[in-house]
Amino acid sequence: QWLSDRKKRALQKKDVDIRRRIELIQDFEMPTVSTKIKVSRDGQYIMAVGTYKPRVRCFDTYQLSQKFERCLDSEVVTFEILSDDYSKIVFLQCGRFVEFHSQHGHYYKTRIPKFGRDFSYHYPSCDLYFVGASSEVYRLNLEQGRFLNSLQTEASESNVCDINPVHFLFAMGTAEGKVECWDPRTRNRVGLLDCALSSVTADTEIEGLPSISALKFDGALNMAVGTSTGQVLLYDLRSSNPLIVKDHHYGLPIKSIQFQHQLDLIISADSRIIKMWNKDTGKIFTSMEPEHDINDVCLYPNSGMLMTANEAPKMNIYYIPVLGPAPKWCSFLDNLTEELEENPESTVYDDYKFVTRKDLENLGLAHLIGSSLLRAYMHGFFMDIRLYHKAKMMANPFAYEEYRREKIRQKIEETRAQRVQLKKLPKVNKELALKLIEEEGEEQQSSKKRKQKNLPSLLKDDRFKVMFENPDFQVDEQSEEFRLLNPLVSKISEKRKRKLKILEELEAQGQEEEEEPEGKASDAESSESSDDEKGWVEEVRKQRKLLRQEEKLKRQERLKEDQQTLLKPQFFEIKEGEEFRSFKDSAKKQKLMKKTLEDRLKLEEKLGTLNVSDTTVGSKQATFKLKKSEQQRKQQEAEKRHRQERKTLRRSASHLKSRRGRGRLFH
């Protein structure tokens with residue numbers, strides 16, 4: 001997707017896979033989303049409906065292109081091709097409309113009383129059976145051109161329906177998780193299956209009541225039912241219990257069910273995955289997870305081709321040669337698949353290296369994240385293989401020497417293994433290996449007495465080989481878990497350490513190792529083991545005391561470090577126009593906000609900031625006085641003082657003038 005057009009053209013010249021990529025049907029897509037897809041009975045036409053705008057497109061397989069396109073007034077819920085070709089089509093639309101199309105285009109439009117969800121066509125009587133958001137099943141006769149008496153069911157709503165192609169039994173799946181079967185000849189109900197109860201097994205986990213979301217007949221006796229919780233149930237019509245229950249394990253409603261007769265497979269699909277499984281055993285044959293959500297699946301008759309309608313403009317076409325041959329209009333697919341199997345070619349990603357974020361940090365290329373040199377993909381990135389090799393050489397220039405040295409060491413070890421070897425302990429986890437050797441010797445002795453077969457040793461098992469070779473698997477005896485889970489490890493380890501010293505001395509001298517090194521007598525060892533069994537409680541207590549003391553010492557060290565660090569006071573400047581308020585004010589405000597409006601009004605009335613009075617009309621009138629902030633109050637006080645000072649100055653000036661006037665008169 002992120003390759004440029006020029007790069008794609010260059011790849012088409014080099015890459016055989018891209019040159020072999022073919023487009024079976026030209027412009028096999030919808031403007032936004034495709035909802036349903038079907039094939040005509042003669043196999044020549046593929047019809048699909050989608051949006052937006054609501055439309056139907058017909059593709060001619062003989063011409064490998066689109067034949068016509070018709071826009072509709074509202075979105076299509078489902079449709080049915082009544083004729084062998086595209087000349088008679090019925091559309092059930094979401095606005096309760098039923099629209100009929102002939103070869104030339106729109107023919108007739110009618111409406112049903114309730115919103116429809118699915119319909120089926122009964123060929124012997126030319127009746128259309130509509131199910132939807134109602135307890136009734138509406139019948140529209142196309143020969144007479146009028147609605148007939150509807151079938152009254154026990155269900156509140158119905159989701160899907162189907163008619164058996166052999167004996168024309170009508171079946172409908174309800175929102176309560178039941179399947180009702182009706183005989184169109186007598187218009188009576190002849191059977192009821194409780195699929196919701198049967199779908200709950202020991203292995204399944206269900207949230208809520210499962211409703212029926214898909215229904216399909218196979219022959220005269222088999223019927224497959226899909227539930228809204230992701231289970232598919234296969235029934236024999238002669239039994240009320242399902243033959244097999246298959247869970248998709250996604251909890252999503254089953255959208256489509258198809259039968260593949262050549263391999264006895266059932267193809268069931270929800271919005272995320274398409275599963276193919278054997279209808280006799282339930283064993284998975286294969287599964288496919290497309291990039292976009294699935295709306296419908298259509299199996300091309302008598303072939304291995306599969307088509308899907310998705311939540312994307314492109315409608316996918318899959319060809320699986322195992323399921324059957326390619327259709328006659330694209331028979332060249334069989335030759336192409338044989339050539340692809342014979343000559344496997346390289347892919348586009350051979351020039352790129354996939355690296356994770358941790359790999360980039362080890363190579364020192366983490367700063368390239370977000371640049372054009374790295375392309376994000378899944379949990380990592382794609383980068384050019386040449387850049388990767390250069391960065392790896394710079395990060396570890398001696399990698400090849402280390403690799404060569406390791407290979408030489410492995411070759412030497414392989415040649416040594418062919419020689420007659422002494423009993424040698426591994427380099428990693430020597431004590432654990434010695435313990436296993438001792439236990440193996442004891443088991444051999446006991447098995448000889450009991451005449452039992454010896455179990456294989458962990459030291460000889462390839463699955464645990466790395467534990468005695470890689471230093472990362474070294475057991476840490478100082479860890480808390482090891483000390484608490486192994487209370488007697490100190491005493492047992494002392495004995496093993498003695499044996500290890502003896503074995504190392506024997507290896508150094510080149511002598512053969514004895515199975516039991518010289519040491520204490522067996523009766524002394526048995527007495528020690530009995531003492532250990534008695535004192536295991538004391539050992540556990542001792543280890544716990546030691547752990548507590550270590551924790552106490554760590555705490556004291558932390559306290560000393562905290563005392564040594566000096567905490568300097570920090571000062572914060574308050575911006576202009578803001579005032580500092582204590583935490584008490586905020587607590588008072590929170591308490592005040594929790595009170596009711598009546599209590600708050602009473603409190604405001606006491607403070608004098610609220611005045612409630614009755615008007616002449618009979619309603620209440622409330623006047624509020626806004627609280628003055630500290631800054632406003634200070635400003636008003638300063639203005640008041642300024643006014644008083646001016647008044648005193650005026651008085652003093654007038655007094656001086658009057659005195660001067662009197663003095664002149666006296667002179």
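F168 lies in the loop between β13 (158-163) and β14 (170-174); helices (H or I, at least four residues) and strands (E, at least two) are DSSP runs, numbered from the N terminus. The model is predicted, so local features need pLDDT of at least 70 and side-chain atom pairs count only at pLDDT 80 or more, while totals for chains, interfaces and linings use all residues. Residues are numbered from 1 along each chain as its sequence is written, and side-chain values use heavy atoms, with hydrogens and water left out.

The phi angle of F168 is near 60 degrees, a positive value in a residue other than glycine. With a relative accessibility of 27%, F168 is partly exposed. Here buried means under 20% relative accessible area, exposed means over 50%, and partly exposed is in between (1.4 Å probe, protein chains only). H249 is not a glycine either, and has a positive phi of about 65 degrees. H249 sits in the loop between β20 (244-247) and β21 (256-260) and counts as exposed, because its relative accessibility is 60%.

Another loop, between β2 (45-51) and β3 (55-60), holds Y52. K53 is also placed in the loop between β2 and β3. Two cis peptide bonds involve these residues. One joins T51 and Y52, with omega about 0 degrees; another joins Y52 and K53, with omega about 10 degrees.

From this loop the chain leads into β3. This strand pairs with β4 (residues 65-71) in the antiparallel sense over six bridges, where pairing requires that DSSP finds at least two bridges between two strands. Strands of a sheet pair through backbone hydrogen bonds, either parallel or antiparallel. F59 has Q66 in β4 as its bridge partner. The hairpin of β3 and β4 has four residues between the strands, and in it L64 takes a positive phi near 55 degrees.

F59 also takes part in the surroundings of Q44. Leaving aside neighbours within four places in sequence, Q44 is in contact with F59, D60, T61, Y62 and Y300; contact means heavy atoms within 4.5 Å. Q44 itself belongs to the loop between β1 (33-39) and β2. Its relative accessible area is 16%, so Q44 is buried.

Further along the chain is an open sheet of three strands in the order β28-β30-β29, with antiparallel pairing. β28 (352-356) and β29 (375-377) stand at the edges, each with a single partner strand, so one side of each has no neighbour in the sheet. From one strand to the next, the twist averages 35 degrees. β29 pairs with β30 (residues 380-384) over three bridges in the antiparallel sense, and Y377 stands opposite G380 in β30. Helix α6 (residues 385-395) packs on this sheet and touches β28 and β30, its direction making about 95 degrees with that of β30. For such angles, axes are lines fitted to C-alpha atoms, for helices over the stretch in contact, and angles run from 0 to 180 degrees between N-to-C directions.

Side chains of opposite charge can be considered next. A salt bridge is a side-chain nitrogen of Lys or Arg within 4 Å of a carboxyl oxygen of Asp or Glu, and by this rule the count comes to 14. One of them joins E154 and R189 at 3.4 Å, N to O. This pair links distant parts of the chain, 35 residues apart: E154 is in the loop between β12 (146-152) and β13, and R189 is in strand β16 (residues 188-194). E154 is exposed, at 63% relative accessibility, whereas R189 is partly exposed, at 33%.

K279 and D218 meet in another salt bridge, at 3.3 Å, N to O. They too come from distant parts of the chain, 61 residues apart, with K279 in the loop between β23 (274-278) and β24 (284-288) and D218 in strand β17 (residues 212-218). K279 is buried, with a relative accessible area of 16%, and D218 is buried at 9%. In addition, salt bridges that share partners join R55, R57 and E69 into one network.

On the surface, L263, F285 and V322 make a nonpolar patch of about 250 Å². Patches are made of residues with over 30% relative accessible area and no salt bridge, like charges being joined within 9 Å and nonpolar side chains (Val, Leu, Ile, Met, Phe, Trp, Tyr) within 5 Å. The areas come from the Shrake-Rupley method with a 1.4 Å probe, and for residues only the protein chains shown count as cover. V322 is located in the loop between β27 (316-319) and α4 (332-342), and is exposed because its relative accessible area is 55%.
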